[in-house]
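Trainee: Could you take me through one part of this protein up close? I'd like to look at how its charged side chains pair up, and then at whatever else is worth seeing along the way.

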Amino acid sequence: MSVLYRIVFFIFLCLHVIHANGQAAGTALPNLDSILQQHYAATGDFSRLQSRRVKLRIIGMAPFEIPSTIEAKRPNLLRRDVFLQGQVQSSAYDGKDAWKIDPFLSSGKQAVNMPTDELPALIEEAYFDGILIAAQKSGFPLRYQGEEKLDGKSVHVIKVSLPGTGESSIYLDASNFLEVKRVQKRSVMGQMTELEIFSMDYRKQDGLQLPFRIEIGTKGASQRMRMIIDKVENNPVIAASRFQRPAGN
């Protein structure tokens, strides 16, 4: 009987292991490609866009609201105009050359090279489809870090590394796969600082899900700069010269 018992126990153990392995396979960590595909499906098909113009207000940087306009065009052209005290601060990237005009600096209205510490953020923003799609298309490193809790909600965390801009952690809401947070290191006033960028108030426009409120602050800070988007134009006509350094500069 003891031999028979051991045989029966061995068979039971094998069946239990097979069943457990089957359960583990069914509850395995989500596949990175699957998460990315669900993210792309949630945001909509940005491939049909060739250009965009966004008008917004920056709140929390000064005692007053600062109107701004951001223009972008494929493949990686970007221009930002900030309207401040009757003056316009402009910064742009034409895919090769990054420049800025800041009337509050000694250079005045002369276009100068984009400062080194400001360049990574500008280049990263110039990826027209966003850094996740850019990384996947270009073969840049993407790593799934697992699932975490953010303000009581489950989020998928993806690390992405882009040349020249460093590493970012992207947090996707596990229920709708939209980006809700981004953490990245940037040089602020000459010091490397970890920034948190929160995307919220998503609205559907032209079949695309877009955040109409973005908050930025240092990690753990209670005070954040807010960007409130007032208007988004998809596929506006924008001349390539808008992104090029002005002649004579």
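Mentor: Sure, let's start with E65, which forms a salt bridge with R57; their closest N and O atoms are 3.2 Å apart. Keep in mind that this is a predicted model. Side chains of opposite charge can pair when their charged atoms come close. How exposed are the two partners? E65 has 42% relative accessibility, so it counts as partly exposed. R57 is partly exposed too, because its relative accessible area is 24% and the buried label is kept for values under 20%.

Now compare that with another pair. R79 and D81 also meet through their side chains in a salt bridge, at 3.1 Å from N to O, but here both R79 and D81 are buried.

A third pair mixes the two settings. The side chains of E215 and R224 form a salt bridge with an N to O distance of 2.8 Å. E215 is at 11% relative accessibility, so it counts as buried, while R224, with a relative accessible area of 30%, is partly exposed. Some salt bridges also share partners, and that joins R53, E71, R79, D81, E233 and R242 into one network. So you've already met two members of that network, R79 and D81, as a pair. Altogether, the structure holds 21 salt bridges.

Charged side chains can turn up beside rings here as well. The charged end of R52 sits over the ring of F128, 4.2 Å from the ring's centre. Likewise, K181 lies over the face of Y171, and the distance to that ring centre is 5.0 Å. What about rings pairing with other rings? The count of aromatic pairs comes to 0, with ring centres having to lie within 6.5 Å to qualify.

Let's finish with a couple of helices. Helix α4 covers residues 131-138, and its buried residues are I131, L132, I133, A134 and A135. Just after α4 comes G139, which takes a positive phi of about 80°. L132 links us to another helix: it is among the residues touched by H39, and H39 lies in helix α2, residues 32-43. Leaving aside residues up to four places away in sequence, H39 also touches L172, F177, L178 and E179. Is H39 buried or exposed? Its relative accessible area is 9%, so H39 is buried.

Terms used:
Residues are numbered from 1 along each chain as its sequence is written. This is a predicted model: local features need pLDDT of at least 70, side-chain atom pairs count only at pLDDT 80 or more; totals for chains, interfaces and linings use all residues. Side-chain values use heavy atoms; hydrogens and water are left out. Rings of Phe, Tyr and Trp (its six-membered ring) pair if their centres lie within 6.5 Å; planes under 30 degrees apart count as stacked, over 60 as edge-to-face and the rest as tilted. A charge sits over a ring if NZ of Lys or CZ of Arg is within 6 Å of the ring centre and within 35 degrees of the ring normal. Buried means under 20% relative accessible area, exposed over 50%, partly exposed in between (1.4 Å probe, protein chains only). Helices (H or I, at least four residues) and strands (E, at least two) are DSSP runs, numbered from the N terminus. A salt bridge is a side-chain nitrogen of Lys or Arg within 4 Å of a carboxyl oxygen of Asp or Glu. Contact means heavy atoms within 4.5 Å.
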